[in-house]
Amino acid sequence: MNESLSPQSCGLIAVVGAPNAGKSTLVNALVGQKVAIVSPKAQTTRARLMGIAIEGDTQLLLMDTPGIFEPKRRLDRAMVSAAWSGTEGADLIALVIDGKGGVASKVTEIIESLKGRREPKLLILNKVDIADKPRLLVTAEKLNALLAFDDTYFVSATTGDGVPELKAAFAARMPAGPWHFPDDQVADMTDRMLAAEVTREQLYLQLHAELPYDSAVDTEKYTERDDGSVEIHQQILVARDTQRAIVLGKGGSRIKEIGAKARAELKTLLGVPVHLYLHVKVNPKWEEDRGLYRDIGLDWVD
């Protein structure tokens with residue numbers, strides 16, 4: 001690329017909001033492919049994840065953060081800490097709101113926390129495809145009355161409505177500078193972490209009505225075989241024996257289905273055959289394992 005003719009720009013965008021606002025779906029839509037797991041379950045995102053998108057001569061570093069909520073336990077505190085630390089050094093803060101949810105108290109609390117920030121702030125009302133249109137405008141007015149956002153956008157991360165315009169708006173606000181990543185890289189997550197996230201997504205998608213948050217996935221072994229395929233051994237951690245039974249299913253049927261779906265997804269994402277081996281371990285104190293926090297990309301908090 002001739003930089004004298006096409007000067008590059010690159011900047012960090014902190015994507016924040018309450019749980020289940022659709023932040024990860026929006027980051028995926030902006031990148032143009034899946035980089036963050038999604039599920040109907042709130043608080044699916046646990047650690048910071050950076051999606052990398054290209055818009056013309058601009059590289060957008062999209063920091064997908066865990067939903068901000070009132071923490072009740074160590075894992076919750078680590079997730080909220082990750083969300084706020086994900087805004088450090090940002091060139092722009094994008095507050096994503098569930099467009100059909102109105103002005104909830106958790107949203108106003110986040111806005112209060114943003115009032116002292118100097119970064120430009122954009123308000124993004126998501127899920128416009130299923131939201132009441134007149135109510136959307138009222139919500140936007142109320143939120144802008146609480147904080148003078150630099151601009152407001154209405155999008156549907158699921159259908160893609162408004163996403164190209166938002167992406168262009170992000171790019172226009174990024175500072176000039178060289179790209180931080182190769183143009184074919186779409187995320188900053190290691191393949192080992194990606195494997196754990198994909199399996200955790202299947203846990204949520206298949207068992208979200210039965211399995212609470214007392215679960216985690218730890219990739220114990222990730223090996224590239226001589227034939228180019230990948231061998232992955234993972235441990236699904238749950239807090240109680242009853243949860244182990246739920247994950248296993250009758251005759252092991254559920255864990256086989258979880259493994260099959262995760263294996264297929266990983267084969268697509270990694271571009272190579274995948275040999276995935278899952279087992280379930282009961283550990284009531286898995287949330288106190290410092291090593292696990294490190295593996296899933298969270299800082300230990302007291």
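Helices here are DSSP runs of H or I with at least four residues, and strands are E runs of at least two, numbered from the N terminus. By that count, the protein has 9 helices and 9 strands. Do keep in mind that this is a predicted model. Here is a short tour, from the whole protein down to one hairpin and one helix pair.

**The protein overall**
- The protein has 302 residues, and 52% of them count as buried.
- Among contacts with a separation of 6 or more, 72% are made by residues 24 or more positions apart.
- Carbon and sulfur atoms hold 50% of the accessible surface, which comes to about 13800 Å² for the protein.

**The β2–β3 hairpin**
- Strand β2 spans residues 49-55, and 5 of its 7 residues are buried, so the rest of the structure largely encloses this strand.
- Its partner is β3 (residues 58-64), and 7 bridges join the two strands in the antiparallel sense.
- Within this pairing, A53 lies opposite L60 of β3.
- Just 2 residues separate β2 from β3 in the hairpin, and G56 in the turn shows a positive phi of about 65 degrees.

**Where α1 meets α5**
- Helix α1 covers residues 23-31 and helix α5 covers residues 163-172; their axes come within 10 Å and cross at roughly 80 degrees.
- Because angles of 65 to 115 degrees count as roughly perpendicular, α1 is roughly perpendicular to α5.
- On the α1 side the contact involves L26, A29 and L30, which meet V163, L166, K167 and F170 of α5.
- Sorted by class, this contact of α1 with α5 includes 6 nonpolar residues, 1 charged residue and no polar ones.

How values were computed. Residues numbered from 1 in each chain as written. Predicted model: local features only at pLDDT ≥ 70, side-chain atom pairs only at ≥ 80, totals over all residues. Heavy atoms only, no water. Buried < 20%, exposed > 50% of the residue type's maximum accessible area, 1.4 Å probe, protein only. Pairing = 2+ DSSP bridges. Axes fitted to C-alpha atoms, helices over the stretch in contact; angles between N-to-C directions. Parallel < 35°, antiparallel > 145°, perpendicular 65-115°, else oblique. Contact = heavy atoms within 4.5 Å. Nonpolar A, V, L, I, M, F, W, Y, C, P; charged D, E, K, R; others polar. Areas by Shrake-Rupley, 256 points an atom, 1.4 Å probe, with all protein chains shown as cover.
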